[in-house]
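The following exercises concern charged and aromatic side chains in a protein chain. Each task is followed by a solution in steps.

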Amino acid sequence: MEPFKNKISPDLVKCLGLHVERHLEGFDRASYEAAILAELDKLELKQRARLIADETGRVLPESLDAKFEILRAILHPLENEGVDRASDEAGIRGWGMMPLGMVVTDFGLEDFDKSFALLKEMTKRATAEFEVRPFLDRDQDRALAIMTPWVKDDSVHVRRLVSEGTRPRLPWGMRLKQLVEDPTPALPLLEALKDDPEEYVRRSVANHLNDIAKDHPDLVAAIATRWLKGADMNRQKLVRHACRSLIKQGHAGTLTAFGLNPPKIIVDGPNIKTPRVAYGDAVSFDAELRSSGKRTQELVIDYLVHFKKANGALAPKVFKWTKVKLAPGETVFMSRDHAIRPITTRVYYGGTQAVGLRINGKDFGYAEFELVMD
């Protein structure tokens with residue numbers, strides 16, 4: 001896949017130069033483009049956006065009103081609502097919003113009303129989820145008061161911004177420490193958006209709750225319990241995605257919200273079928289589960305691989321497996337191959353590793369295998 005940094009391209013720089021030239025008298029387009037293009041190829045994504053933002057802020061008028069007037073003028077007309085939209089002769093949109101949004105935060109933190117009005121237009125052409133965060137950090141109450149009416153906006157991008165922009169731990173974004181500590185000020189926004197007609201918005205609400213769950217698991221479990229009452233399929237899907245981490249962790253309150261009670265089963269396994277696994281191959285294992293309960297049980301079955309770390313200790317990683325319903329006395333047999341192959345998020349170390357099962361949040365079994373590195 002093409003690196004994201006290539007979206008902030010020389011073509012985008014030239015397109016920006018074209019549009020700024022149309023609206024800024026005396027603008028030296030050649031110098032502007034040359035200053036950026038001389039460094040662009042050496043930089044990563046955020047550094048590229050930062051460079052363009054710095055040069056754009058430097059050439060724009062000193063007055064905030066004049067700056068924002070030009071930024072608004074170069075925005076692309078709203079022809080469609082797609083996410084991946086390229087800038088062109090009609091205006092700037094898509095990835096071009098990243099550096100332009102930085103200009104807003106660089107100069108607009110003292111004027112929330114004007115800045116949020118512009119960011120609202122920018123997010124319709126991509127997203128302003130990173131740019132609203134410095135404002136939330138500066139004055140959370142004021143920022144939330146401006147964003148609250150947006151939950152009813154006609155634009156799906158504006159509604160999503162309300163949830164995505166206020167996520168406490170948004171990837172790539174600055175951490176909102178106040179909302180990490182106390183997420184309750186944002187909960188009315190999520191409540192208003194939980195049944196949004198667009199999955200794009202509902203998915204953001206789910207990810208927001210998953211952020212909250214990292215610091216306040218009991219709070220998210222309580223929300224899940226309440227939201228699941230009378231929930232349609234869309235809301236059920238939202239809550240399930242929001243609680244994905246808590247379910248894998250076996251959080252008791254969350255499992256109860258989904259009707260997943262402590263399992264009454266007899267477990268044989270996991271049984272390792274490949275006691276020695278060469279790096280690049282797979283560890284194979286199976287297990288047999290027999291119900292010892294008097295009622296049919298719904299079971300969520302995950303498995304843990306206890307990977308060896310650099311210091312020699314083992315650290316478990318939970319992987320989703322399957323769901324089953326077991327009638328009283330019923331038995332189910334399962335088998336699995338888990339590939340031990342190169343991935344960017346893990347470094348493997350040879351030696352003893354292990355596999356276990358997690359069923360409705362309760363751990364069963366522990367079976368070792370040997371990983372042989374080249």
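**Exercise 1: Salt bridges**

A network of salt bridges links Glu 129, Arg 160, Glu 164, Arg 167 and Asp 211. The model is a predicted one.

Task. State how far apart the closest N and O atoms of Arg 167 and Glu 164 are, and whether these residues are buried or exposed.

Solution. Step 1: In the salt bridge between Arg 167 and Glu 164, the closest N and O atoms are 3.0 Å apart. Step 2: Arg 167 and Glu 164 are both buried. Step 3: For the structure as a whole, a search finds 27 salt bridges.

**Exercise 2: Two bridges between separate parts of the chain**

Task. Determine which parts of the chain are linked by the pair Asp 65 and Lys 114, and which by the pair Asp 196 and Arg 159.

Solution. Step 1: Asp 65 and Lys 114 form a salt bridge whose closest N and O atoms are 2.7 Å apart. Step 2: Asp 65 belongs to helix α4 and Lys 114 to helix α6 (residues 112-123), so this pair links distant parts of the chain, 49 residues apart. Step 3: Asp 65 has a relative accessible area of 46% and is therefore partly exposed; Lys 114, at 36%, is partly exposed as well. Step 4: Asp 196 and Arg 159 meet through their side chains in a salt bridge of 2.6 Å, N to O. Step 5: Because Asp 196 lies in the loop between α11 (187-193) and α12 (199-213) and Arg 159 in helix α9, the pair ties together parts that are 37 residues apart in sequence. Step 6: Buried means under 20% relative accessible area. Asp 196 has a relative accessibility of 6% and therefore counts as buried; Arg 159, at 8%, also counts as buried.

**Exercise 3: A buried lysine**

Task. Describe the surroundings of Lys 67, which is buried yet has no salt bridge.

Solution. Step 1: Lys 67 is located in helix α4 (residues 64-73). Step 2: The nearest side chain of opposite charge is that of Glu 62, at 7.1 Å. A salt bridge requires the nitrogen and the carboxyl oxygen to be within 4 Å, so this separation does not qualify. Step 3: A polar atom of the Lys 67 side chain nevertheless lies 3.4 Å from the backbone oxygen of Glu 62. Step 4: The charged end of Lys 67 sits over the ring of Phe 107, 4.3 Å from the ring centre. Step 5: Leaving aside neighbours within four places in sequence, the contacts of Lys 67 are Gly 57, Leu 60, Pro 61, Glu 62 and Phe 107.

**Exercise 4: Aromatic pairs**

Task. Explain why the pair Phe 4 and Trp 172 is classed as it is, and state where Phe 285 and Trp 321 lie.

Solution. Step 1: The count of aromatic pairs comes to 14. Step 2: The ring centres of Phe 4 and Trp 172 are 6.1 Å apart and the planes stand at 80 degrees, so the pair is edge-to-face. Planes over 60 degrees apart count as edge-to-face. Step 3: Phe 285 and Trp 321 also form an edge-to-face pair, with 5.5 Å centre to centre and 80 degrees between the planes. Step 4: Phe 285 is in strand β3 (residues 282-291) and Trp 321 in strand β5 (residues 314-326), 36 residues apart. Step 5: Both Phe 285 and Trp 321 are buried. Step 6: These two residues belong to one aromatic cluster, together with Tyr 279, Tyr 303, Phe 307, Phe 319 and Tyr 348.

Note on methods:
Residues are numbered from 1 along each chain as its sequence is written. This is a predicted model: local features need pLDDT of at least 70, side-chain atom pairs count only at pLDDT 80 or more; totals for chains, interfaces and linings use all residues. Side-chain values use heavy atoms; hydrogens and water are left out. Helices (H or I, at least four residues) and strands (E, at least two) are DSSP runs, numbered from the N terminus. Buried means under 20% relative accessible area, exposed over 50%, partly exposed in between (1.4 Å probe, protein chains only). Lys and Arg count as positive and Asp and Glu as negative; His and the chain ends are not counted. A polar contact is a pair of N or O atoms within 3.5 Å; within protein, one must be able to donate a hydrogen and the other to accept it, and residues adjacent in sequence count only if both atoms are side-chain atoms. Contact means heavy atoms within 4.5 Å. Rings of Phe, Tyr and Trp (its six-membered ring) pair if their centres lie within 6.5 Å; planes under 30 degrees apart count as stacked, over 60 as edge-to-face and the rest as tilted. A charge sits over a ring if NZ of Lys or CZ of Arg is within 6 Å of the ring centre and within 35 degrees of the ring normal.
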